[in-house]
Amino acid sequence: MMGKAKHKISNWKEYNQALVNLGFVFSDTGIDTALMVKCIFKRPLCGLEGFSI
C-alpha cells in the first residue's frame, strides 16, 4: 500500500506535461488493463499509480 503523497498536486496540466516530458509510453493493453482494474475496484486512475502490468 502506498502512503500519502508528500505534495498535493494543484496544477494538473503542468503535472501531466511533466509526465509526457519524462517519456512514459503505455501500450494499448496496459491502458485497457488499467481501465478494467479501475472499474472492478472502483478506484480513480491516480489510485493505480505504481500498479504493475
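**Exercises on two helices**

Ile31 is partly exposed, with a relative accessible area of 39%, where buried means under 20%, exposed over 50% and partly exposed in between (1.4 Å probe, protein chains only). The model is predicted, so that local features need pLDDT of at least 70 and side-chain atom pairs pLDDT 80 or more, while totals for chains, interfaces and linings use all residues. Residues are numbered from 1 along each chain as its sequence is written, and side-chain values use heavy atoms, without hydrogens and water.

**Exercise 1.** Work out what secondary structure the protein chain has, and which helix holds Ile31.

*Solution.* Step one is to go through the protein chain, which gives two helices and zero strands; these are DSSP runs numbered from the N terminus, helices (H or I) having at least four residues and strands (E) at least two. Step two is to place Ile31, which belongs to helix H2.

**Exercise 2.** Compare the expected span of H2 with the distance between its end C-alpha atoms.

*Solution.* Helix H2 covers residues 28-41, which are 14 residues. The expected span is 1.5 Å times one less than the number of residues, and for H2 this comes to 20 Å. The end C-alpha atoms of H2 are 20 Å apart, so the two values agree.

**Exercise 3.** Decide which residues of H2 are buried and how they are arranged around its axis.

*Solution.* Begin with the buried residues of H2, which are Gly30, Ala34 and Val37. Looking down the axis of H2, one finds these buried residues within an arc of 65° (taken from the directions from the axis to the C-beta atoms), and therefore they line one face of the helix. Then turn to the other side of H2, where Asp28, Thr29, Met36, Cys39 and Ile40 are exposed. For the whole protein chain of 53 residues, buried residues make up 8%.

**Exercise 4.** Find the aromatic pair in the structure and classify its geometry.

*Solution.* A search of the whole structure yields one aromatic pair. Its rings, those of Trp12 and Tyr15, have centres 5.4 Å apart and planes at 85°, so the pair is edge-to-face; ring centres must lie within 6.5 Å (six-membered ring for Trp), and planes under 30 degrees apart are stacked, over 60 edge-to-face and the rest tilted. Both residues sit in helix H1 (residues 12-22), where being three residues apart separates Trp12 and Tyr15 by about one helical turn. Trp12 is partly exposed at 45% relative accessibility, and Tyr15 is partly exposed at 29%.

**Exercise 5.** Describe the phi of Lys42 and say whether this residue is buried or exposed.

*Solution.* Lys42 comes just after H2 and has a positive phi of about 50°. Most residues other than glycine have a negative phi. Finally, with a relative accessible area of 72%, Lys42 is exposed.
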